[in-house]
Amino acid sequence: MLSLYGEDIASRLLLGTAQYPSPSILAEAVRASGAGIVTVSLRRETAGGRTGGQFWELIRELGVRILPNTAGCHSVKEAVTTARMARDLFGTDWIKLEVIGHHDTLQPDVFGLVEAARILIEEGFKVFPYTTEDLVVAGRLLEAGCEVLMPWCAPIGSARGPVNPDALRSFRAEFPDIPLIVDAGLGRPSHAASVMELGFDAVLLNTAVAKAGDPAAMASAFAQAVEAGRRAFKAGPLEPRDMAVPSTPVIGKAVFE
Amino acid sequence: MHVLVRGAGVAGLTLAHELLEQGAKVTVFDLLPDSSGSASWLAGGMLAPWCERESAEEPVLTLGRLAADWWENALPGHVVRNGTLVVAPPRDAGELGRFAARTSGFEEIAGERIAALEPDLDGRFRRGLFFAGEAHLDPRRALLALRKKLGARGVAFLCGGKEPAGADRIADCTGIASAAPALRGVRGEMLVLETPDISLSRPVRLLHPRIPVYIVPRDGNRFMVGATMIESEDDGPVTARSMMELLNAAYGLHPAFAEAKIVETGVGVRPAYADNLPRVTRTAEGVSVNGLYRHGFLLSPAMAQEAAAMILQEKRQYA
């Protein structure tokens, strides 16, 4: 079973809660996905003191674990403040840490990310850092005390799927014992299956489900793909090779034609 | 039958109109002397059920397609039936396909046609979607005209102080102020820009993966730019980020907006139920019409008809 900061998590699919047509559809999608963890963005919903209480109430009613995030934060200070607010609001020390460094691609500011992770871990947070597939940055995040890494596979919301599978492969190989969650960039269930086949421990999705024609149906398709990918990884998939290998041996055939 | 309508936003006024048409005596009560406290005062005024279907469920289309006729009938001359134009910046052209896949009632048009519809956008967009069946109106003009019409036909408008007693039934149309338990607020921010350098004949929606925005032309070289959607009941001033996003989008539509004057910023809280669809519900005192979300002008006619029927049927049952 997947274990994150000592907690056993039944599902290997994590779902974001933004951009759904309505909270009802969000609830249907979460149920259909079987996700045990949902992420919640704090940044915008807390414009001012009177917060989206009703919206959060609806999310709490889903009965799944909440992983607040710092989506949309562009500086260490902003991210740290948001994380502290999230801890008070949701009563959890889990935080998905995003420090955005580039407006267009939403690429993480990895320098700020490491710095913010250090500060938050010092304060007792359990940090889930949204990072690139850079191995050196990942190493620094682990040094800072992160026990989970969340590399992107393509820019947030881009639906491109794994654009650099080799990098993901070496990321997995470099950190064999760290829970790795592919966060951002997945567009289709086949993308999710393919990163799970590489041995990633879980995936986190939002736009691909929220903006699908039928979010609940797409959530369930992703759940099946994640499950299929995981099983395939455990089963030991065949590696590609250059030469054809007949599945029926030619020599043993009764009649040659 | 004397009905007290509580709330002078679009839900209350359309219901008052519907009740009056069907022979009821109506009084409208609100805390403010005009309709400026309501979310609908800040609305875009788009009667765009086909476009809205992109993110809303089917009833928004089925109930909303009759809205333009209702408004034209109630307030002749207010409805502009020029359709809606949907465009995307070149780098986000994929968004058009996504929008098209989730909507109906449009034609795909190329640059020349866009220029024919909106000459000021000539050369700026190579592809777009045109929703010919849609319409728009100026929400404030419409609310004021509706008040005037109702007043002239004997509807009393009372403001502030104690709620008047003596009505047979009460229709609560107070939006987020009703504090109905299942209701949540969704903050929306808008701007009004003024520039003589551009003119548009119809609402234009600019698609963007993160910040879709619409621009609705108003009289006097003005343009309403809206609107953010934030899960919050905070009605404090517009944030710098939202302002920047809205302005960026306007600038993306046409660089001349850079020279426009910002003549107004507005923030309101839309009332919404969990499915983002409005409801008419029976209450101990009468009915409640709420949850119009971002579809006040689009869906209030259908809600008003439903609510009026509920109130007046009740009367027949008593009789």
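How many residues does the contact take from chain A and from chain B? It takes 25 from chain A and 25 from chain B, in what is a predicted model.

**View 1. Where chain A meets chain B.** Put the two chains together and about 2100 Å² gets buried between them, with carbon and sulfur atoms giving 44% of that area. Zoom in on polar contacts and you'll find seven residue pairs across the interface of chain A and chain B, both partners at pLDDT 80 or more. On the chain A side, α1 (23-33) and α2 (53-60) each supply at least two residues. Sort that side by residue type and you get eight nonpolar, ten polar and seven charged.

**View 2. The salt bridge between the chains.** Chain A and chain B share one salt bridge. Here it is: A:Glu78 pairs with B:Arg241, and their closest N and O atoms are 3.8 Å apart.

**View 3. Two domains inside chain B.** Domain 1 is stitched together from 2-59, 137-178 and 275-318, while domain 2 takes in 84-132 and 184-272. Their contact draws 24 residues from domain 1 and 30 residues from domain 2. The C-alpha centres of these two domains of chain B sit 27 Å apart. Between them the domains bury about 2200 Å², 60% of it on carbon and sulfur atoms.

**View 4. Charges and polar pairs between the domains of chain B.** Four salt bridges link domain 1 and domain 2. One of the salt bridges in view joins the side chains of B:Asp219 and B:Arg141, at 3.6 Å from N to O. Polar contacts add up to eight residue pairs between the domains, both residues at pLDDT 80 or more. On the domain 1 side, α2 (49-52) and α7 (139-152) of chain B are the elements giving two or more residues. That side divides into eleven nonpolar, six polar and seven charged residues.

Terms used: Residues numbered from 1 in each chain as written. Chains lettered and ligands numbered in written order. Predicted model: local features only at pLDDT ≥ 70, side-chain atom pairs only at ≥ 80, totals over all residues. Heavy atoms only, no water. Domains from an automatic or database assignment. Contact = heavy atoms within 4.5 Å. Buried area = accessible area lost by both parts, 1.4 Å probe. Polar contact = N/O pair within 3.5 Å; in protein donor to acceptor, adjacent residues only side chain to side chain. Helix = DSSP H or I, 4+ residues; strand = E, 2+ residues; numbered from the N terminus. Nonpolar A, V, L, I, M, F, W, Y, C, P; charged D, E, K, R; others polar.
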